[in-house]
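Welcome, and thanks for taking a look at this one. Below is a short briefing to read alongside the sequence and the model.

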Amino acid sequence: MIPPTHPRYRSLLEREKVVEGFRDGYVAVQGLIAQGRGECFDYLIGEETQPFALEAIRAAAAALLLARHPVLSVNGNVAALTPGTVVELAEAVPALIEVNLFYRTREREEKIAEVLRRHGARRVLGVGDDASCTIPELFSERRRVSCEGIYKADVVLVPLEDGDRTEALRRMGKTVIAVDLNPMSRTARSASITIVDNVTRAMPRLVEAVRSMKGLERRELEEVLRNYNNDKVLASALRHILRRLEELADGLYPGDA
Ligand code: PTJ
């Protein structure tokens, strides 16, 4: 039991959720390592949603609202950390939900679908034989996708992802929205829109943005997308980390120690 007064309460609670998901058999053991890497980058950005993430969230909301066939991809970590917001986002857009795993097993797929259904999902794609279409030039198990879901999608949200699939989906002409705390990862660099933030903070904000931008006209949403530059956003994230580290160092020992 983590006391709520603990200065790292939120982070420790999230860690526990991933561990629990692992014990329940739907988070991959590698998912625990991914969480640790995420925690480290979250430390570096200051464990708060930063303006560069808000800018990407706005663009992501516009892309989802403009999409003809938007799909939200869910893996083990996302199911453990923020299953309810995936379902809320799917309802708000509206978008389809698909389970897509790097370390794929039938058991994990079914358990993740079950978690999502417990949180209100009415339809979950990508489980078992439903994943019968193939993403070309992708060799991991992630290549198997639902023909009605990711295969057909024009916009795919891939929170917490590996780089290969993002690149393969881009080659298929899709708009890829990533949520990745590491602004240097291949996923972050190859996605169309990268939200550099913790998935647990980014997802509720994305739901909010979709709800508040729903009333905008198509041309206004298109304008948001036209003005968005992912490289600029990633550069802002890196500069933010640099500045933060300088400030922290100066707080310890001013000057050029
Ligand atoms: O459930 P599966 O089988 O699909 O496997 C999922 C994992 C996450 C294990 C798999 O996709 C993987 O190995 O991913 P990577 O290559 O470790 O990349 C994960 C990325 O997500 C890293 O860049 C982390 O910094 C980032 N990350 C980790 N936790 C979070 C995060 N980004 C946002 N929010 C987090 N909570």
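Helices and strands here are DSSP runs numbered from the N terminus, where a helix (H or I) needs at least four residues and a strand (E) at least two. With that in hand, Glu137 can be placed in the loop between β3 (133-134) and β4 (144-145). Please keep in mind that this is a predicted model. The points below cover a helix, the largest pocket, some buried residues and a few backbone details.

**Helix α2**
- Helix α2 spans residues 29-45, which makes 17 residues. From first C-alpha to last, α2 reaches 25 Å, close to the 24 Å expected at 1.5 Å a residue.
- Gly31, Gln35, Gly38, Glu39, Phe41, Asp42 and Ile45 are the buried residues of α2.
- Those buried residues pack against four helices: α1 (9-23), α4 (76-81), α9 (199-213) and α11 (230-252).
- Gly46, just after α2, has a positive phi of about 100°.

**The largest pocket**
- The volume of the largest pocket is about 740 Å³.
- Its lining is made up of 37 residues, and those nearest the centre of the pocket are Ala34, Gln35, Arg37, Leu160 and Glu161. Two or more lining residues come from each of α1, α2, α4 and α8 (186-190).
- Helix α2 gives the largest share of this lining, with ten residues.
- Sorted by class, the lining holds twelve nonpolar, 13 polar and twelve charged residues.
- Gln35 appears twice in this picture: Gln35 is one of the buried residues of α2, and Gln35 is also among the residues nearest the pocket centre.

**Three buried residues worth a click**
- Tyr26 sits in the loop between α1 and α2. Tyr26 counts as buried because its relative accessibility is 9%, and buried means under 20%.
- Beyond four places in sequence, Tyr26 touches Gly21, Gly76, Ala79, Ala80, Arg108, Lys111, Ile112 and Val115.
- For a sense of scale, Tyr26 and Ser212 are 186 residues apart in sequence, and their C-alpha atoms are 33 Å apart in space.
- Thr82 lies in the loop between α4 and α5 (83-92), and with a relative accessibility of 6% Thr82 is likewise buried.
- The side chains of Thr82 and Thr85 make a polar contact at 2.3 Å. Setting aside neighbours within four places in sequence, Thr82 is in contact with Val199 and Met203.
- Ser190 belongs to helix α8 and, at 16% relative accessibility, counts as buried.
- A polar atom of the Ser190 side chain lies 2.6 Å from the backbone oxygen of Arg186. Not counting residues up to four places away in sequence, Ser190 touches Gly163, Thr166, Glu167 and Arg170.

**Backbone details in the loops**
- The peptide bond from Val93 to Pro94 is cis, with omega near -5°. Pro94 is in the loop between α5 and β2 (96-99).
- Glu137 is a residue other than glycine with a positive phi, near 60°. The relative accessible area of Glu137 is 55%, so Glu137 is exposed, the cut-off for exposed being over 50%.
- Leu160 also has a positive phi, near 55°, in a residue other than glycine. Leu160 is found in the loop between β5 (155-159) and α7 (163-171).
- At 24% relative accessibility, Leu160 is partly exposed, and Leu160 is one of the residues nearest the centre of the largest pocket.

Note on methods. Residues are numbered from 1 along each chain as its sequence is written. This is a predicted model: local features need pLDDT of at least 70, side-chain atom pairs count only at pLDDT 80 or more; totals for chains, interfaces and linings use all residues. Side-chain values use heavy atoms; hydrogens and water are left out. The expected span of a helix is 1.5 Å times one less than its number of residues. Buried means under 20% relative accessible area, exposed over 50%, partly exposed in between (1.4 Å probe, protein chains only). Contact means heavy atoms within 4.5 Å. A polar contact is a pair of N or O atoms within 3.5 Å; within protein, one must be able to donate a hydrogen and the other to accept it, and residues adjacent in sequence count only if both atoms are side-chain atoms. On a 1 Å grid over the protein atoms alone, a cavity is a set of points where a 1.4 Å probe fits but cannot get out, and a pocket is an open set with protein on both sides within 12 Å along at least five of seven lines; lining residues have an atom within 4 Å of a point. Grid points are joined across faces, edges and corners, and a volume is the space filled by probe spheres set on the points. Ala, Val, Leu, Ile, Met, Phe, Trp, Tyr, Cys and Pro count as nonpolar, Asp, Glu, Lys and Arg as charged, and the others, Gly among them, as polar.
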